[in-house]
Amino acid sequence: MKNCMLAGVGGQGTVLASKIIAQAAMKQGLAAHTAETIGMAQRGGCVVSHVRIGADAFAPLIPKGRADVILGFEPAEAVRCLPYLKTGGTVVVSTKAVQPVTASLSGVSYDAQGMLAFLKEHAGRLILVDGENICRRCGSAKALNVALLGAAAKAGALPVSLSQIEETIREKLPERFLSMNLKALSAGAEAVTGGTDQ
């Protein structure tokens with residue numbers, strides 16, 4: 001069984017990324033369950049998607065300490081979900097911070113570098129992805145979700161391969177979005193081979 005948790009804020013494509021993982025797994029004949037715990041997503045609140053793959057996954061929510069991989073669309077969200085990571089698990093995280101609405105309203109400062117330092121200390125394996133740069137190169141902030149999938153697949157952290165993710169993207173996404181997303185998938189994979197694996 002493989003447990004994948006995706007954590008971000010509303011509008012980052014967390015749910016779509018989880019469905020791509022699940023669909024790619026099902027195409028390989030694997031059982032897959034997904035669930036979302038969504039807060040004030042449309043107001044910049046947290047979104048967490050659970051993907052459980054394998055015959056032994058009887059419930060859709062990942063228990064604490066059982067996630068094989070966490071895909072953090074934002075550093076603080078990755079830290080918040082860290083209790084779910086199993087010992088020696090992998091965290092793939094975008095280094096670009098998205099200040100939570102609660103922090104901006106309360107005037108509390110948000111230290112993204114502090115969050116990344118915490119992940120370096122406590123994650124079994126940490127892969128940093130310069131999501132801001134990748135999105136700029138792809139021409140859209142909406143490319144982050146697929147870039148993280150590319151990094152996680154290339155690192156072997158997902159139960160499906162990079163080519164299986166690509167095949168699913170080609171089948172699932174409208175043609176007008178294909179070029180951007182395939183470019184993001186490739187850029188995410190290159191981030192791992194390019195030495196950002198910590």
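**Helix pair, sheet and Asp-68**

Q: Which residues of helix 6 meet helix 7?
A: In this predicted model, Val-146, Leu-149, Gly-150 and Ala-153 of helix 6 meet Leu-162, Ile-165 and Ile-169 of helix 7.

Q: What classes are those?
A: The contact has six nonpolar residues, one polar and no charged ones.

Q: At what angle do helix 6 and helix 7 pack?
A: About 155°, with the axes 9 Å apart. Angles over 145 degrees count as roughly antiparallel, and helix 6 and helix 7 are therefore roughly antiparallel to each other.

Q: Switching to the sheet. What is the strand order?
A: The order is 2-3-1-4-5-6, in an open sheet of six strands with mixed pairing.

Q: Which strands stand at the edges?
A: Strand 2 (32-38) and strand 6 (125-129). Each has a single partner strand, so one side of each lacks a neighbour in the sheet.

Q: And the twist?
A: It averages 15° from one strand to the next.

Q: In what sense do strand 5 and strand 6 pair, parallel or antiparallel?
A: Parallel, over five bridges. Val-91 stands opposite Leu-126 of strand 6.

Q: Which helix packs on the sheet there, touching strand 5 and strand 6?
A: Helix 4 (residues 112-122). Its direction makes about 150° with that of strand 6.

Q: Now Asp-68. Buried or exposed?
A: Asp-68 sits in strand 4 (residues 67-72). Its relative accessible area is 11%. Buried means under 20%, so Asp-68 is buried.

Q: Which side chain makes a polar contact with the Asp-68 side chain?
A: That of Lys-86, at 2.5 Å. A polar atom of the Asp-68 side chain also lies 2.7 Å from the backbone nitrogen of Asn-3.

Technical notes: Residues are numbered from 1 along each chain as its sequence is written. This is a predicted model: local features need pLDDT of at least 70, side-chain atom pairs count only at pLDDT 80 or more; totals for chains, interfaces and linings use all residues. Side-chain values use heavy atoms; hydrogens and water are left out. Axes are lines fitted to C-alpha atoms, for helices over the stretch in contact, and angles run from 0 to 180 degrees between N-to-C directions. Helices (H or I, at least four residues) and strands (E, at least two) are DSSP runs, numbered from the N terminus. Angles under 35 degrees count as roughly parallel, over 145 as roughly antiparallel, 65 to 115 as roughly perpendicular and the rest as oblique. Contact means heavy atoms within 4.5 Å. Ala, Val, Leu, Ile, Met, Phe, Trp, Tyr, Cys and Pro count as nonpolar, Asp, Glu, Lys and Arg as charged, and the others, Gly among them, as polar. Buried means under 20% relative accessible area, exposed over 50%, partly exposed in between (1.4 Å probe, protein chains only). A polar contact is a pair of N or O atoms within 3.5 Å; within protein, one must be able to donate a hydrogen and the other to accept it, and residues adjacent in sequence count only if both atoms are side-chain atoms. Two strands pair if DSSP finds at least two bridges between them.
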